[in-house]
Amino acid sequence: MIRRPLLPAALAACALLAGFALPAAAQGLDLGAIAGQMQGQTVGTIVQLFGLLTVLSLAPGILIMVTSFTRFIIVFSILRSGLGLPSTPANLILISLSLFMTFYVMGPTFDRAWNDGMQPLMAEEITEAEAFERISDPFRDFMAANVRDKDFDLFANLARERGQADVSVEDADFRILVPAFMISEIRRGFEIGFLIVLPFLVIDLIVATITMSMGMMMLPPVVVSLPFKILFFVLIDGWNLLVGSLVRSFA
C-alpha cells in the first residue's frame, strides 16, 4: 500500500519526467516538414470533413427551418393545451409524431435531393458545388410553394433596403426564403390551432355556465369539461381528421 506522504513525491516525479519528455518529443517531431508534405487534396479533405461535422451538428435546426416540422409541432402543442392536458400526450410523443409526419410530407423532396444530388456526389460524378445546388433545389421549391407572398415580400423589401437586388420566389437566396417560410409556417400553425381550440372553448363556456348556475363555486369548470372534451375529440375521430388536414394543407 502506498503511504499518503509518498503521493506528492510520486506526482512530482511524473511531472519531472514529462518535462524532460516533451522537449525531446518536440525536437523529434518536425511540424513544418509535416505541413510541407501535405498536398492540396489532403487539406481539401480536412475542410470537407469539418464542413460535414458542422452540417450534422446543425441538422436539427435545418430540419425545423426548411421542412414542415414547424407547422406540425405548433398545431399538436395547441391541441394539447386546448384539451387541458399539459403533459398528455408527452413531448416525446408529439415530437416523434411531428417528425414522422414531416418525413411523410417531405418524402418526395428527400427522394429528389438524394437521387439528383447525393448519389451522383457519392459516385464522384459531380462536384460538391453542383451537388449543393441539386440538393438545395428541392427544398427551395418546397418552401417557394408554401411561403406566403406577403411574408416573402417583407424580407425581399428588407433586402432591397440594404442594397441587394430584386429577386423572385423561384431564385431567392436562402437568407430571404428561409425566414419568410418560417414565419409563414408559424402563422398557419396558429391559424389551424385557433380552429382546433375554438370547439373546446365552447365546451368550457357551457360547462362553466352550468356549474355557476348550480352554485358550484368551488368546483373548477376545467375539471368537469375535461372528460367531455376528450370524448368529443374521440367521437369525431380527431386525430384522423387533424393529421389528414395538416398533410393536405401543404402544396
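Biologist: Before we get to the second largest pocket, which residues count as nonpolar, charged or polar here?

Modeller: Ala, Val, Leu, Ile, Met, Phe, Trp, Tyr, Cys and Pro count as nonpolar, Asp, Glu, Lys and Arg count as charged, and the others, Gly among them, count as polar. Please keep in mind that this is a predicted model.

Biologist: OK, so how does the lining of the second largest pocket divide into those classes?

Modeller: The lining of the second largest pocket has 10 nonpolar residues, 2 polar ones and no charged ones. Among the lining residues are Ile192, Leu195, Phe200, Phe232 and Leu242, together with Gly238 and Ser245, and the volume of this pocket is about 190 Å³.

Biologist: Which elements give two or more residues to that lining?

Modeller: Those elements are helix H10, spanning 174–213, helix H11, spanning 221–235, and helix H12, spanning 238–248, and the largest share, 5 residues, comes from H10.

Biologist: Switching topic, what does the side chain of Arg71 meet in a salt bridge?

Modeller: The side chain of Arg71 meets that of Glu185, at 2.6 Å from N to O. This pair links distant parts of the chain, with Arg71 in helix H5 (residues 69–83) and Glu185 in helix H10, 114 residues apart.

Biologist: Is Glu185 buried or exposed?

Modeller: Glu185 counts as buried because its relative accessibility is 0%, where the cut-off for buried is under 20%. Arg71 also counts as buried, since its relative accessibility is 1%.

Biologist: And which residues are linked with Glu185 in a network of salt bridges?

Modeller: The network links Arg71, Glu185 and Arg188. Between Glu185 and Arg188 the closest N and O atoms are 3.9 Å apart, and because these two residues are 3 apart in helix H10, about one helical turn separates them. Arg188 is partly exposed, with a relative accessible area of 21%.

Biologist: What about Arg187, which residue does it form a salt bridge with?

Modeller: Arg187 forms a salt bridge with Glu191, whose closest N and O atoms are 3.0 Å apart, and both residues lie in helix H10, 4 residues apart, or about one turn of the helix. Arg187 is partly exposed at 39% relative accessible area, and Glu191 is partly exposed at 38%.

Biologist: Last one, where does Ser225 lie, and which side chain does a polar contact join to that of Ser225?

Modeller: Ser225 lies in helix H11, and a polar contact of 2.6 Å joins its side chain to that of Asp204. Ser225 is buried, with a relative accessible area of 0%, and, leaving aside residues up to four places away in sequence, Ser225 touches Ile203, Asp204 and Val207.

Conventions
Residues numbered from 1 in each chain as written. Predicted model: local features only at pLDDT ≥ 70, side-chain atom pairs only at ≥ 80, totals over all residues. Heavy atoms only, no water. 1 Å grid on protein atoms, 1.4 Å probe; cavity = no way out; pocket = protein on both sides within 12 Å on 5 of 7 lines; lining within 4 Å. Points joined across faces, edges and corners; volume = space filled by probe spheres on them. Buried < 20%, exposed > 50% of the residue type's maximum accessible area, 1.4 Å probe, protein only. Polar contact = N/O pair within 3.5 Å; in protein donor to acceptor, adjacent residues only side chain to side chain. Contact = heavy atoms within 4.5 Å. Salt bridge = Lys/Arg side-chain N within 4 Å of Asp/Glu carboxyl O.
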